[in-house]
Structures are given as structure tokens and as C-alpha cells.
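This report describes a two-chain model, taking each chain in turn and then the contact between them.

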Amino acid sequence: MEAGRPLFIPVILGTARMGRMSLHAAQLVTEELGKRAGIETDLIDIARLPLPTNDAGEAIKHADYSAKMDKADALVVVSPEYNHGYSGLLKHVLDSCLKEYIHKAVGIVGVSAGPFGGTRVIQNLLPVMREIGLVTIFWDVNFSSVQKAFAEDGRLLDESYIRRIDKFLKELIWMAKTLRQGREQISLD
Amino acid sequence: MAVVAKTDKMICLQCKVEMNHHCDKIVYNVDANDAGKTDPCLGGIVEEFHSCPKCGGAASRHA
């Protein structure tokens, strides 16, 4: 492993809906990641990815998104829960890559207006993550009643989320370091 | 038809160093040209995944 190469852990905002409260959650996690030494991050807003919808999978790979996934050591996926599921656009984006994800860590942040904090969308995302080669961590962040967690301007109203995010990110970073070592140094053969 | 893993190392296009083969995965989204590459025991094409120990870049190829 090249000494000193920072970990790159982008945050994917998994909704294009107007007025999405998940934006505040994604910005908060990105800010918390950015405070850590040796970590580079970026907020990837899927609403800004111009993927075609008349095809799917790696045939519609977006060069910039692919390059960021290739560089990434881990991902954070911030997903609202829409009718107990994830947005179709998030799946469309995730499906556009494969080799870029293999043996990389992923942590999921669930967001909901109700009391369950996106637990159902997280459960629904787990088999998708597994199939595209990502390695899920066992910490999640659950933003329940998200309209009470953030002010309209995005300011965090409930500071208890900072400690939860800290635990989540520590686990994600440990897994990112471990998997980088495995990808780059430990042969399958 | 048995599919045998290739033994030659992939080379990182950016760093020109040998990459580490760390994963095999079955892929199913095959086109007509790939039909003969399907492993009948595994039900799909075996894809190898490699990472560069210098830059971390990923590459893949059919086994």
C-alpha cells in the first residue's frame, strides 16, 4: 500500500426528489467525514448525474461517477425511505458500475419522516450492496422524524446524531483500511 | 466446459505495476458474444477483479 495515500470516502445522496430532507443528512455526514485526518470525501448528488434512462447497467456508465467509485475506499449511501424502499434512481446509478465497488466498505444512512429512521430501506438495500460487491458494516445511522432533526436551513437540531455518526464512521473507516489492505495485498489465489 | 483462471498478472495502466487478483464473481449480464464463456457449473461468467497496490485502481476481466 502506498504510504500516506488518504482514504477516499464519498457520500452518495440517493434521491432526486424536490425538497429532500436527506440532503441535510448527507451534508452533515460529509462534513463529519471531512473533519477526520487522512480522509477525503465528496458529496455525490444522484440528481446531478446525467444518466440516460433508455438503457441500464454498465452500458450507461458515467465517467466521473465511475472514476470516483474507482478511487473510493468506502462509500456512504444516504437513502430516504419511499414506500418502504429506495429510489429507483439510486438503483439505476448503483447498477452503472461493478468492478469499482468490489471489496469496498459501505455504510448506509436511512432517512424517514416517520419514527423508524429508514430501517426498512436499509434492509432492502443490503442484498443490493452485497450483489454489487460492497461490504456492509453493521453500524447504520437512522434519521427518524427527519423534519425535527434539521432546521429548514439544514442546521442540525439534535446533537445526539453527532455521536451516532462518529461510531458509524469509525467502523466504516476501520473497514475501509482493512479492505484496502486486502484488495491491494492479499491474493485470492 | 470448465473455465480455468488465467495465471498472468494484470498490469495497472497508470502505474505499470502488477495488480493483485483479490476476487472472482459470477456475472450474468452477458451479451450474445459471451454465451460460450458461461461456466455451466456456476451458471454465469467468472469475472476476475484486480486492484493496483500503488494507486488502488480497479480492473476486471473474464477468467
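## Fold, sheet and interface

His84(A) is found in the loop of chain A that lies between S5 and H3. The model is a predicted one, and the account below starts from this loop before turning to the chain as a whole.

**The loop between S5 and H3.** Asn83(A) belongs to the loop that connects strand S5 (74-80) with helix H3 (88-94) in chain A. Asn83(A) has a phi near 50°, which is positive although the residue is not glycine. His84(A), likewise not a glycine, has a positive phi of about 75°. As for burial, Asn83(A) has 7 other C-beta atoms within 10 Å and is exposed, because a residue with 12 or fewer counts as exposed. His84(A) has 13 other C-beta atoms within 10 Å and is partly exposed.

The table lists the residues with positive phi described here.

| Residue | Phi | Location |
|---|---|---|
| Asn83(A) | near 50° | loop between S5 and H3 of chain A |
| His84(A) | about 75° | loop between S5 and H3 of chain A |
| Gly56(B) | near 85° | hairpin of S2(B) and S3(B) |

**Chain A as a whole.** Chain A contains six helices and eight strands. Read from the N terminus, its elements follow the order β-β-α-β-β-α-β-α-β-α-β-β-α-α. The radius of gyration of chain A is 16 Å, close to the 16 Å that the globule rule gives for 189 residues, so chain A is as compact as a globular protein of that length. Along the principal axes, the C-alpha atoms of chain A fill a box of roughly 50 × 40 × 25 Å. Of the 189 residues in chain A, 42% are buried. Among contacts in chain A with a separation of 6 or more, 82% are between residues 24 or more positions apart.

**The sheet of chain B.** Chain B has an open sheet of three strands in the order S1-S2-S3, and the pairing is antiparallel. Strand S1 (20-27) and strand S3 (58-62) of chain B are its edge strands, each pairing on one side only. On average, neighbouring strands of this sheet are turned by 25° against each other, with direction ignored.

S1(B) runs antiparallel to strand S2 (residues 45-51) of chain B, and seven bridges join the two. Lys25(B) stands opposite Glu47(B), which is in S2(B). On the other side of the sheet order, S2(B) and S3(B) are paired in the antiparallel sense over five bridges. Here His50(B) stands opposite Ala59(B) in S3(B). The hairpin formed by S2(B) and S3(B) has six residues between the strands, and in this hairpin Gly56(B) takes a positive phi near 85°.

**Contact between the chains.** Which strands of chain B does helix H6 of chain A lie across? Helix H6 (residues 160-185) of chain A lies across S1 and S2 of chain B, and H6 runs at about 95° to S1(B). Between the two chains, 19 residues of chain A are in contact with 16 residues of chain B. H6(A) supplies five residues, the largest share of the side of chain A that touches chain B. By class, that side of chain A has nine charged, six polar and four nonpolar residues.

Note on methods. Residues numbered from 1 in each chain as written. Chains lettered and ligands numbered in written order. Predicted model: local features only at pLDDT ≥ 70, side-chain atom pairs only at ≥ 80, totals over all residues. Helix = DSSP H or I, 4+ residues; strand = E, 2+ residues; numbered from the N terminus. Buried ≥ 20, exposed ≤ 12 C-beta atoms within 10 Å, placed from the backbone. Rg over C-alpha atoms; globule rule 2.2 N^0.38 Å. Contact = placed C-beta atoms within 7 Å. Pairing = 2+ DSSP bridges. Axes fitted to C-alpha atoms, helices over the stretch in contact; angles between N-to-C directions. Nonpolar A, V, L, I, M, F, W, Y, C, P; charged D, E, K, R; others polar.
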